[in-house]
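Here is a round of questions and answers for a reader meeting this structure now. Each answer sets a value against its cut-off.

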Amino acid sequence: MDERNEPMSETAKILVEEVDAVAPPPKARVDMADIGDDGGAAETVTTERKPDYLDGFLSQKPAEATAGEPGGDVYEGVITALKEIYDPEIPVNIYELGLIYGVDVTADNHVVVTMTLTTPHCPVAESMPGEVELRVGAVPGVGSAEVNLIWDPPWDPAKMSDEAKLELGML
């Protein structure tokens, strides 16, 4: 019979030892040799190691995002404005629909929005880019706004966010 299938014998039981206290493990120590006047080691001094390995990490502060970068005030304001513009036929905003392909903010806060529409024959093909330009231009800090309407790559439902798919019952 295989040993693994045999019942545990009296000699193979696990022994449990109860103790009141356990000695703490030794701390990291650094031996520093004190160099004597003649160039040789005079004595060895043992000191406790300080937790210096975290000093640089803990003193670092996150880099501040400029206004035009993701996380910056102007960029985030533009994204918020885009999320307030809804497609008239679909009850989802144009950002979550995946119609916005890019938002670029220059150093002088000129914003260029690259977008598409669901189809070139969309009924709002003439008015939607103008509305986007007006809304983005009204964001505090934006100097000027420009909208580039492109058709390549064409929009497809895979570009929608999960929130938009959930709203439309596609998830």
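Q: What makes a pair of atoms a polar contact here?
A: A polar contact is a pair of N or O atoms within 3.5 Å, where one can donate a hydrogen and the other can accept it. The model is predicted. In it, the side chain of Asn93 reaches the backbone nitrogen of Glu96 at 2.7 Å. The cut-off is 3.5 Å, so the pair qualifies as a polar contact.

Q: Where is Asn93 found?
A: Asn93 sits in the loop between helix H2 (73-82) and strand S3 (100-105).

Q: Why is Asn93 called buried?
A: Its relative accessible area is 9%. Buried means under 20%, so Asn93 is buried.

Q: Which residues does Asn93 contact, leaving aside its neighbours within four places in sequence?
A: Asn93 is in contact with Leu82, Lys83, Ile85 and Tyr86. Contact means heavy atoms within 4.5 Å.

Q: What is the pattern of the protein chain, read along the sequence?
A: The pattern is β-β-α-α-β-β-α-β-α. The protein chain has four helices and five strands. Of its 171 residues, 26% count as buried.

Q: What makes S3 and S5 edge strands?
A: Three strands form an open sheet in the order S3-S4-S5, with mixed pairing. S3 and S5 each pair on one side only, and they are the edge strands. The twist averages 15° from one strand to the next.

Q: How do you know that S3 and S4 pair?
A: Five bridges join S3 to S4. Pairing needs at least two bridges, so S3 and S4 count as paired. The two strands run antiparallel. Gly102 stands opposite Thr114 in S4.

Q: Which helices pack on the sheet?
A: H2 packs on the sheet and touches S3 and S4. The direction of H2 makes about 150° with that of S3. H3 also packs on the sheet, touching S4 and S5. The direction of H3 makes about 155° with that of S5.

Q: Which residues of helix H3 are buried?
A: In H3 (residues 128-137), Met128, Pro129, Val132 and Val136 are buried.

Q: How do you know that the buried residues of H3 line one face?
A: Seen down the axis of H3, they fall within an arc of 100°, so they line one face of the helix. The buried residues of H3 pack against H2, strand S4 (110-115) and strand S5 (144-149).

Q: Why is Gly130 called partly exposed?
A: Gly130 is in helix H3. Its relative accessibility is 34%. Partly exposed runs between 20% and 50%, so Gly130 belongs there. Gly130 and Glu146 are 16 residues apart in sequence, and 9.2 Å apart in space, C-alpha to C-alpha.

Q: Which residues touch the most other members of the largest nonpolar core?
A: They are Val78, Leu82, Val103, Val111 and Val132, out of 31 residues in this core. H2, S3, S4, H3 and S5 each supply at least two residues. The largest share, six residues, comes from H2. In soluble globular proteins, nonpolar side chains tend to be buried together.

Q: Which residues does Leu82 contact, leaving aside its neighbours within four places in sequence?
A: Leu82 is in contact with Asn93, Ile94, Tyr95, Ile100, Val103, Val132 and Val136.

Q: Why does Asn109 count as buried?
A: Asn109 lies in the loop between S3 and S4. Its relative accessibility is 18%. The cut-off for buried is under 20%, so Asn109 counts as buried.

Q: What makes the side chain of Asn109 a partner in a polar contact?
A: The side chain of Asn109 reaches the backbone oxygen of Gly141 at 2.9 Å. The limit is 3.5 Å, so this pair is a polar contact.

Q: What is the phi of Asn109?
A: Phi of Asn109 is near 65°, a positive value in a residue other than glycine.

Q: Which kind of peptide bond runs from Asp152 to Pro153, cis or trans?
A: This bond is cis, with omega near 10°. Pro153 is found in the loop between S5 and helix H4 (162-167).

Technical notes. Residues are numbered from 1 along each chain as its sequence is written. This is a predicted model: local features need pLDDT of at least 70, side-chain atom pairs count only at pLDDT 80 or more; totals for chains, interfaces and linings use all residues. Side-chain values use heavy atoms; hydrogens and water are left out. Buried means under 20% relative accessible area, exposed over 50%, partly exposed in between (1.4 Å probe, protein chains only). The arc is that of the directions from the helix axis to the C-beta atoms. Axes are lines fitted to C-alpha atoms, for helices over the stretch in contact, and angles run from 0 to 180 degrees between N-to-C directions. A nonpolar core is a set of buried Ala, Val, Leu, Ile, Met, Phe, Trp, Tyr and Cys residues joined through side-chain atoms within 4.5 Å.
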